[in-house]
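Okay, thanks for coming, everyone. I'll put the model up and then walk through a few spots.

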Amino acid sequence: MKRRDAEKLLGGYAMGILTETERRSLFEAALEHQEVFDALMDEEALRELLADPAARQRLLVVLSEAGPAAKVRPFWRKPAVLGLAASLFLVVTTSLMLRRQPTEALHTRLPEAAKAEPEQAANLAAKETSAEAPGIAKPQAPKTGGAVSRTVVPQASKQAPVPAEGLQESYTSTMAKAAPPADQEKGLQAAESPAMAAAAPSPVMAKRAKAASGLSDSSRPQANRAETKVEEADAMGAGPVPTPFSHTLQRLSDGRYRLAVTWEGDGHVYLVRRATAAASEIPATSTKAKARQRTAVFEFTLEPGQVLDLFLRAQPEPDPLALPPSEDGRGRWQRIIPGSEGL
Amino acid sequence: MEVPSTQTDAERILSRSETLSRLRERIVGFAASRYARESAEDLAQEVLVVIHEKYDHVERMEDLVPLAFQILRFKLFAQRRKAVRHGEHQQVSVDDHPLHGDAPDPEQAALRREMLEKLSKGIALMGKRCQELFRHKLQGKTFPEIRELMGVEALNTIYTWDHRCRKQLLERMGGRWEP
């Protein structure tokens, strides 16, 4: 037997498991080759140890306890390393997901908001009185950057002087004029804030809200809601909402006031004078109709602190005093506060 | 005078003589590589004397060789002890008080405990295949039986695996079984 082949039997020699043939071959090789003899001599120590049954049993116990775990595995296959890698993966993935969600939500909202803005602006512009067609208001592009609303605060006169009847001053307010100066806006905002804070379905209210807030973004939702309510009222069969109206308030020489209201199409005008705890209806002095344009004139006195609520309703109202000082989708409403401009 | 009656007897005697002759060579060679050559010749002679005087009935080569291993190991161990306890006047001749079988003395018992501990640690670090192979060998299974158990076709494969596993284990134990 070759020396290399004999050396392969060394492991069996110490264990005492060699067959008769294997032993003969190994010993013959040991007698023939010094290296094999020397190796067998070295195995003698192990053979003596394993000749003890207790030692064999001890080693068998070690083998049963070691099992596969004794095998040297790459570090990346160790349970601790795998667990740490899995934990890191989870943390990173969760962080990325959480970070993306607000961003995604924001990106989702931004396109929606971007869409809503032109729509809102279009809705607001559609309710301008100056260029609107009769009937239900149609959406139009805003004429300016948004300053289309008009207030009811009397401002410095921008028209020609009043004819000679002793009118001291006159002022006109229309729905299509630019927003009043800032202080007027503030006064208006203070006076009309309760009304504006309420749900204002009419485009008149929407424009007023825009003017009062200086065309801030916060007014747009209110205006939008107003437009929505108007449309909803129409959809609910409350009748067509009268077209926006214009009015002119004049101070007479005898201290009384004259209010001329002009509108187109059908409708019923009511003027209510309100004090802190009282309200009274002011009947129209005269009513004129020319083609589709109609004009109602009111003459009355006003005490300091009193305000006027002007209503234009599609249907006749049995109790004008019960009309809410706001847009309810079944008519127009405007509050007039004379005296702020020295009238 | 009895002449060997059969060729078998002659062959048996020759083979015993030849075996012992070769054993002497190997013992001298082994002892000379590990110890001084002068002692190697004496050591070989002592082993053969013991075999001749105590184990004259052992004739087969398969029995003489492992017997020579045991006697040689014992002689070497005794020689180490003598070297440590030199000058002691009450030395006991190992020839007069031979150790029977593998009964260990306290020193040998301590050495075996240490060896077993090292072996246990080395086995625990073995690979799965080596551990399985070692387990089968501890259970007394022969190499052909192990081949069947492990589902290997060639017996030489088992030899090769065992040789490699033994080599790895020996390296983990510092290159020798004894501490």
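Let me start with a question: the charged end of which residue sits over the ring of B:W161? It's B:R129, whose charged end is 4.1 Å from the ring centre. For a charge to count as sitting over a ring here, NZ of Lys or CZ of Arg has to be within 6 Å of the ring centre and within 35 degrees of the ring normal.

Quick ground rules. This is a predicted model, so local features need pLDDT of at least 70 and side-chain atom pairs count only at pLDDT 80 or more, while totals for chains, interfaces and linings use all residues. Residues are numbered from 1 along each chain as its sequence is written, chains are lettered from A and ligands numbered from 1 in the order in which they are written, and side-chain values use heavy atoms, with hydrogens and water left out.

Now chain B as a whole. It has seven helices and zero strands, where helices are DSSP runs of H or I with at least four residues, strands are E runs of at least two, and both are numbered from the N terminus. Of its 179 residues, 37% count as buried. Buried means under 20% relative accessible area, exposed means over 50%, and partly exposed is in between, with a 1.4 Å probe and protein chains only.

One residue to click on is B:T157, in helix 7 of chain B. At 25% relative accessibility, B:T157 is partly exposed. Its C-alpha atom is 8.3 Å from that of B:R147, and the two residues are 10 apart along the chain.

On to aromatics. There are six aromatic pairs over all chains. Rings of Phe, Tyr and Trp (its six-membered ring) pair if their centres lie within 6.5 Å; planes under 30 degrees apart are stacked, over 60 edge-to-face, and the rest tilted. Take A:Y13 and A:F27: the ring centres are 5.8 Å apart and the planes are at 85 degrees, so that's an edge-to-face pair. A:Y13 lies in helix 2 (residues 10–15) of chain A and A:F27 in helix 3 (residues 20–32) of chain A, so the pair ties together parts that are 14 residues apart in sequence. A:Y13 is buried at 4% relative accessible area, and A:F27 is buried at 0%.

Then there's A:Y257 with A:F300, where the centres are 6.1 Å apart and the planes at 15 degrees, so this pair is stacked. It links distant parts of the chain, 43 residues apart: A:Y257 is in strand 3 (residues 257–264) of chain A and A:F300 in strand 7 (residues 293–300) of chain A. Both A:Y257 and A:F300 are buried. Back to the edge-to-face pair for a second: A:Y13 and A:F27 form one aromatic cluster with A:F37 and B:F69.

While we're on strands, look at strand 9 (residues 331–336) of chain A, where six of six residues are buried. A:G331, A:W333 and A:R335 point one way, and A:R332, A:Q334 and A:I336 the other. Strand 9 of chain A pairs with strand 8 (residues 307–313) of chain A in the antiparallel sense, over six bridges; two strands pair if DSSP finds at least two bridges between them. In that pairing, A:L310 has A:Q334 as its bridge partner.

Here's an oddball for the Ramachandran fans. A:A291 isn't a glycine, yet it has a positive phi of about 55 degrees. You'll find A:A291 in the loop between strand 6 (286–290) and strand 7 of chain A, and at 82% relative accessibility it's exposed.

Last stop, the largest pocket. Its volume is about 610 Å³. Among its 29 lining residues, the closest to the centre are A:D42, B:R34, B:R73, B:R176 and B:E178. By class, the lining has 12 nonpolar, three polar and 14 charged residues. Which element gives the largest share of that lining? Helix 4 of chain A, with eight residues.

For the grid people: on a 1 Å grid over the protein atoms alone, a pocket is an open set with protein on both sides within 12 Å along at least five of seven lines, and lining residues have an atom within 4 Å of a point. Points are joined across faces, edges and corners, and a volume is the space filled by probe spheres set on them. For the classes, Ala, Val, Leu, Ile, Met, Phe, Trp, Tyr, Cys and Pro are nonpolar, Asp, Glu, Lys and Arg are charged, and the others, Gly among them, are polar.

Key. On a 1 Å grid over the protein atoms alone, a cavity is a set of points where a 1.4 Å probe fits but cannot get out, and a pocket is an open set with protein on both sides within 12 Å along at least five of seven lines; lining residues have an atom within 4 Å of a point.
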